[in-house]
Amino acid sequence: MLSKLENELRLIEENADNPQIADQHDRDFHLLLLQASGNRVLQVFSDVLIAYFEKTRESLPDNDCQYFLDTASKQREILSYIKKGDAKMASELMRVHLLEKKI
């Protein structure tokens, strides 16, 4: 699962100049992360996540290449703490990331 998550981050970065494709991989990253959690309650949240990405799709032209590079960088940092088993730091970074996104 970690390699799939890392692959989605790589695809976000490689497609940062194409907002529609980068956004699709950003969504897929989040869905994989929910799946990997093994938490059934969080997995049910995936429908909400899909709705969020569909709703925000209209604002994608406003997001430049740097937006997606920054997003992938922050998600890569979160993933690094997950790999280390540092749930506290991963949770804090996720909290900050979600607040920045105003979810």
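Which residues is Arg27 in contact with, once its neighbours within four places in sequence are left aside? They are Leu49, Ile50 and Phe53. We'll come back to that spot after a look at the whole chain, keeping in mind that what you see is a predicted model.

Start with the overall plan. The chain has 6 helices and 0 strands, so following the sequence from one end to the other gives the pattern α-α-α-α-α-α. How spread out is it? A compact globule with 103 residues would have a radius of gyration near 13 Å, and the chain agrees, coming in at 13 Å. Put a box around the C-alpha atoms along the principal axes, and its sides are roughly 35 × 25 × 25 Å.

Now think about how the chain meets itself. If you take the contacts with a separation of 6 or more, 59% of them are between residues 24 or more positions apart. Of the 103 residues, 31% are buried. On the outside, the chain exposes about 6,500 Å², with carbon and sulfur atoms supplying 55% of that area. As for charge, there are 14 positive and 18 negative side chains, and the centres of these two sets lie 6 Å apart.

Next, step inside. In soluble globular proteins, nonpolar side chains tend to be buried together. Here, the largest nonpolar core has 11 residues: Leu5, Leu9, Ile12, Ala16, Ala22, Phe29, Leu32, Leu60, Phe68, Ala72 and Leu79. The elements giving two or more residues to this core are helix H1 (2–14), H2 and helix H5 (65–84).

Two members of the core make good places to stop. Leu5 sits in helix H1, and it counts as buried because its relative accessible area is 2%, under the 20% cut-off. Setting aside residues up to four places away in sequence, Leu5 touches Phe29, Leu32, Leu33 and Leu79. Gln20 is another matter: 15 residues separate it from Leu5 in sequence, and their C-alpha atoms are 19 Å apart in space. The second stop is Ala22, which touches Ile12, Asn15, Ala16 and Phe68, again not counting residues up to four places away.

From there, have a look along helix H2, which covers residues 19–37. Gln24 belongs to this helix. Is Gln24 buried or partly exposed? With a relative accessible area of 27%, Gln24 is partly exposed. Between Gln24 and Ser59 there are 14 Å in space, C-alpha to C-alpha, and 35 residues in sequence.

Asp26 is in helix H2 as well, but this residue is buried, at 3% relative accessibility. Beyond its neighbours within four places in sequence, Asp26 is in contact with Ile12, Phe53, Thr71 and Gln75. One of these partners, Phe53, is 27 residues away along the chain, yet the C-alpha atoms of the pair are separated by 9.0 Å. Ile12 is also a name you've met already, as part of the nonpolar core.

That brings us back to Arg27, another residue of helix H2. Its contacts with Leu49, Ile50 and Phe53 share a name with those of Asp26, since Phe53 is in contact with Asp26 too. Arg76, for its part, is 49 residues from Arg27 in sequence and 14 Å from it in space, C-alpha to C-alpha.

Terms used:
Residues numbered from 1 in each chain as written. Predicted model: local features only at pLDDT ≥ 70, side-chain atom pairs only at ≥ 80, totals over all residues. Heavy atoms only, no water. Helix = DSSP H or I, 4+ residues; strand = E, 2+ residues; numbered from the N terminus. Buried < 20%, exposed > 50% of the residue type's maximum accessible area, 1.4 Å probe, protein only. Rg over C-alpha atoms; globule rule 2.2 N^0.38 Å. Contact = heavy atoms within 4.5 Å. Areas by Shrake-Rupley, 256 points an atom, 1.4 Å probe, with all protein chains shown as cover. Lys, Arg positive; Asp, Glu negative; His and termini not counted. Charge placed at Lys NZ, Arg CZ, Asp CG, Glu CD. Core = buried A, V, L, I, M, F, W, Y, C linked by side-chain atoms within 4.5 Å.
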